[in-house]
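Student: I've got a structure to go through with you. Can we take it step by step, starting with how burial is judged?

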Amino acid sequence: VRFSECLALETEEHRVRVYAMGPGLVRTAMTRYQLDTPQGQRWLARIGRMFEEGRDVPPERAGALAVFLASPEGDAFSGRALGVQDDPADLVARADEIRRSDLYTLRLKK
């Protein structure tokens, strides 16, 4: 997250936008391995619980977030960490607050 923020600051004058993006828990061959192997069940049992709780997301959610961030509306969030749970319309509506309060960054707050 901090690397993305620093890189965004370094490339800002060239109009390069950088984001840290959390794609969420997606059903893939890798997560299937984690669910179906004894090693995965032993060391990554929480993955199975997360699927059981319905916390996984379709891969299209990450794609939609990437398209939003690549749009002019996404420019305001360069250097920030966003995830598939973030609603683009809500982000745009709160852009001033997000910038003013330094949200979606990695900070220690008092």
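Tutor: Sure. Buried means under 20% relative accessible area, exposed means over 50%, and partly exposed is in between. Keep in mind that this is a predicted model.

Student: With that cut-off, is F77 buried or exposed?
Tutor: The relative accessible area of F77 is 1%. The cut-off for buried is under 20%, so F77 counts as buried.

Student: Which residue forms an aromatic pair with F77?
Tutor: A search of the whole structure turns up one aromatic pair. Its rings sit 6.0 Å apart, centre to centre, with 45 degrees between the planes, which makes the pair tilted. The partner is also buried, at 7% relative accessibility. That partner of F77 is F68.

Student: Which element gives the most residues to the largest nonpolar core?
Tutor: Nine residues make up that core: Y19, L65, F68, L69, F77, L82, L91, A95 and I98. Two elements give two or more residues to it, helix 5 (59-70) and helix 7 (95-100). With three residues, the top contributor is helix 5.

Student: What about a second core, how many residues does it have?
Tutor: There is a second core, separate from the largest one. Its members include L35, I47, M50 and F51. The count for this core is five residues.

Student: Back to the largest core: which residues does L82 touch, leaving out those up to four places away in sequence?
Tutor: L82 belongs to the nine-residue core, and its contacts include the core members L65, L69, F77 and L91. The rest of its list is A20, M21, G22 and Y104.

Student: Y104 caught my eye. What is its phi?
Tutor: Y104 lies in the segment after helix 7 and is partly exposed, with a relative accessible area of 22%. Its phi is positive, in a residue other than glycine. The value is near 65 degrees.

Student: Which residue has a positive phi of about 55 degrees although it is not a glycine?
Tutor: Look in the segment after helix 7. The residue there is partly exposed, at 25% relative accessibility. It's D102.

Student: Now T31. Which backbone nitrogen does its side chain reach?
Tutor: T31 is in helix 2 (residues 29-36), and at 6% relative accessibility T31 counts as buried. Not counting residues up to four places away in sequence, T31 touches L25, V26 and F51. At 2.7 Å, its side chain reaches the backbone nitrogen of T28.

Student: Zooming out, in what order do the elements run from the N terminus on?
Tutor: The protein chain has seven helices and two strands. Read from the N terminus on, the order is α-β-α-α-α-α-β-α-α.

Student: And what is the radius of gyration of the protein chain?
Tutor: The C-alpha trace spans about 50 × 30 × 25 Å along its principal axes. A compact globule of 110 residues would come out near 13 Å. The protein chain has 17 Å.

Student: Last one: what percentage of the accessible surface belongs to carbon and sulfur atoms?
Tutor: Buried residues make up 33% of the 110 residues in the protein chain. The accessible surface comes to about 7600 Å². Carbon and sulfur atoms account for 56%.

Notes: Residues are numbered from 1 along each chain as its sequence is written. This is a predicted model: local features need pLDDT of at least 70, side-chain atom pairs count only at pLDDT 80 or more; totals for chains, interfaces and linings use all residues. Side-chain values use heavy atoms; hydrogens and water are left out. Rings of Phe, Tyr and Trp (its six-membered ring) pair if their centres lie within 6.5 Å; planes under 30 degrees apart count as stacked, over 60 as edge-to-face and the rest as tilted. Buried means under 20% relative accessible area, exposed over 50%, partly exposed in between (1.4 Å probe, protein chains only). A nonpolar core is a set of buried Ala, Val, Leu, Ile, Met, Phe, Trp, Tyr and Cys residues joined through side-chain atoms within 4.5 Å. Helices (H or I, at least four residues) and strands (E, at least two) are DSSP runs, numbered from the N terminus. Contact means heavy atoms within 4.5 Å. The radius of gyration is taken over C-alpha atoms; the globule rule is 2.2 Å times the number of residues to the power 0.38. Accessible areas come from the Shrake-Rupley method with a 1.4 Å probe; for residues, only the protein chains shown count as cover. A polar contact is a pair of N or O atoms within 3.5 Å; within protein, one must be able to donate a hydrogen and the other to accept it, and residues adjacent in sequence count only if both atoms are side-chain atoms.
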